[in-house]
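Let's take a walk through this structure together, one stop at a time. Keep the picture open as you read.

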Amino acid sequence: MPEITARTASLGLRFNPLRRAARAQAREYDLPLLRDDAEGLVLESYYGRIAFLSRGEGVEVALHAPHAEYLQVLKDALVAQLGAAAPGVADAIRWSDAPPEGRLPANAALMRVLGVAPLAGGFLRITLQGDVTRFTDAAIHFRLGLPPEGRAARWPTVAPNGATKWPEGADRLHLPVYTARTVDPARGQLCFDLFEHAGGRATQWARTAQPGQEVLVMAPGGGGCLISGELRGFADETAFPAIARILEANPDATGRITLYTDAAGAAYPLPDHSWLQIDYAEPERREDMGRDAKAAIAEEQDIFLWFAGERELATSVRSAWRALGRRPKDAYVSAFWQKT
Ligand SMILES: Cc1cc2nc3c(=O)[nH]c(=O)nc-3n(C[C@H](O)[C@H](O)[C@H](O)COP(=O)(O)OP(=O)(O)OC[C@H]3O[C@@H](n4cnc5c(N)ncnc54)[C@H](O)[C@@H]3O)c2cc1C
């Protein structure tokens, strides 16, 4: 795949502490190290490669990504991490590819609301109009950028150090993640299904959104819908749209998915899936989602684990998977929402 590269000049950082920090990150997030020696460390991530190269008293950073959107994600991650430890160094970064300062970041686009319609299962189906060419089966999630209710929108821009400069204070955006349910590049349309829940700012936005209204879409986000191996899935409503994408994209997959919802939620429309078993857990067993997943992975070998639900449950399932020594590449375990 062709790739684009952005480099910094030598930064005023020492290589060895940076190397240790990068190794720790690689361990925590199961990221492969393509190189790790006294002169350089190269980390592979979903969004591309990050290289730290020892340059005498300093360190040069090189980012390699398949496209500008992912390059932006890598720059944001790097600047945020360095900014926490060495804010002066992070502010002073300048990139070889001269990013478009003051404009929308490459992974941000403005789209317009085309319509909002109720959908069975307690969802709203929202259709947006705009450039959707960045959505593929390999990148199905995105962030919505919603301005505070009743306030004129202020959108993010690229800062001189290449990172995204977000509107702050009263203009701060709400940035929930959603799943593109359908994408129609020819018509420039994207649909997503929003699970309505009490107190949700996105729910409130969707209920009052008007056709033509502008909204920020940050994409592509991580996560695809192509799977391999015997699927063992666990999902609550927030992940039903992702499950629908998985069913459409993997007509040869075999396995079993358990869905956690109430009686109403079971009406969410899923595509044909006769080749794959889908069960609905008893409504009162919602909280058992994590326990069920842990029991399944303890008993069942040779599965691809797919788990998406509340953060605490996802964290405990991820720990259980690791504790059993199972391979990270055989599991997708993700926190889709968080109790507050
Ligand atoms: C990769 C990914 C893909 C996702 N795809 C979808 C999708 O396609 N459709 C979808 O509906 N959601 C999806 N989600 C989940 C969604 O991002 C969260 O539910 C998000 O918090 C919603 O924001 P909000 O503005 O509604 O709630 P907020 O205003 O952020 O939170 C308000 C309150 O609601 C609570 N809350 C948040 N989510 C839920 C929930 N699901 N049930 C009950 N209480 C909740 C919070 O704890 C908080 O107390 C996805 C999340 C991820 C990470």
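Asp30 sits in the loop between helix H1 (15–29) and strand E2. This is a predicted model, and Asp30 has something to show in it: a positive phi of about 55°, although Asp30 is not a glycine. Most residues other than glycine have a negative phi. Is Asp30 buried or exposed? It counts as exposed, because Asp30 has 12 C-beta neighbours inside 10 Å, and a residue with 12 or fewer falls in that class.

Follow the chain out of that loop and you come to strand E2 (residues 33–37), which runs antiparallel to strand E3 (residues 40–45), with 4 bridges joining the two. E2 and E3 make a hairpin, with 2 residues between them. If you'd like one pair to look for, Asp36 has Leu41 in E3 as its bridge partner.

That hairpin belongs to something wider. What is the order of the strands in this open sheet? There are 5 of them, going E1-E5-E4-E3-E2, with antiparallel pairing. E1 and E2 are the edge strands, each pairing on one side only. From one strand to the next, the twist averages 15°. Over at the E1 end, 4 bridges join E1 to E5, and these two strands run antiparallel. Here Ala6 stands opposite Leu63 in E5.

Two helices pack on this sheet. H1 touches E2, E3, E4 and E5, and its direction makes about 160° with that of E4. H2 touches E1, E4 and E5, and its direction makes about 150° with that of E5.

H2 is worth a pause. This helix covers residues 68–85, which is 18 residues, and reaches 26 Å from its first C-alpha to its last, close to the 26 Å expected at 1.5 Å a residue. Quite a few H2 residues are buried, among them Tyr70, Leu74, Leu78 and Leu82. What covers the buried residues of H2? The cover includes strand E1 (4–7), strand E4 (48–55), strand E5 (58–65) and helix H3 (87–92).

Pick out one residue here: Gln72, which lies in helix H2. Gln72 counts as buried because it has 25 C-beta neighbours inside 10 Å, and the cut-off for buried is 20 or more. Leaving aside residues up to four places away in sequence, Gln72 touches Pro105, Ala106 and Asn107. For a sense of scale, try Gln72 and Arg285: they are 213 residues apart along the chain, and their C-alpha atoms are separated by 41 Å.

Now for the ligand. How many residues surround the ligand? There are 25, and the closest are Pro176, Thr179, Phe195, Gly200 and Ala202. Strand E11 (177–184), strand E12 (189–195), helix H4 (201–208) and E18 are the elements that give two or more residues to this shell. E12 provides the largest share, 4 residues. Sorted by class, the shell has 10 nonpolar, 12 polar and 3 charged residues.

On the way to the next sheet there's a little oddity to spot. The peptide bond from Ala219 to Pro220 is cis, with omega near -5°. In general, most peptide bonds are trans. You'll find Pro220 in the loop between strand E13 (214–218) and E14.

E14 brings us to another open sheet, with 5 strands in the order E16-E15-E14-E17-E18 and parallel pairing. Strand E16 (277–280) and strand E18 (331–337) are its edge strands, each pairing on one side only. The twist averages 10° from one strand to the next. At the E18 edge, strand E17 (residues 303–310) runs parallel to E18, joined by 6 bridges. Look there for Phe307, which stands opposite Val333 in E18.

This sheet has helices of its own to look at. Helix H5 (residues 240–249) lies across strand E14 (230–236), strand E15 (255–260) and E17, running at about 155° to E14. Helix H6 (residues 289–299) packs on the sheet too, touching E14, E15 and E17, and its direction makes about 170° with that of E14.

One last stop: Asp302, in the loop between H6 and E17. Asp302 has a positive phi of about 50° although it is not a glycine. Asp302 is exposed because 8 other C-beta atoms lie within 10 Å.

Key. Residues are numbered from 1 along each chain as its sequence is written. This is a predicted model: local features need pLDDT of at least 70, side-chain atom pairs count only at pLDDT 80 or more; totals for chains, interfaces and linings use all residues. The expected span of a helix is 1.5 Å times one less than its number of residues. Two residues are in contact if their C-beta atoms, placed from the backbone, lie within 7 Å. Two strands pair if DSSP finds at least two bridges between them. Axes are lines fitted to C-alpha atoms, for helices over the stretch in contact, and angles run from 0 to 180 degrees between N-to-C directions. A residue is near a molecule or strand if its C-beta atom, placed from the backbone, lies within 6 Å of it. Ala, Val, Leu, Ile, Met, Phe, Trp, Tyr, Cys and Pro count as nonpolar, Asp, Glu, Lys and Arg as charged, and the others, Gly among them, as polar.
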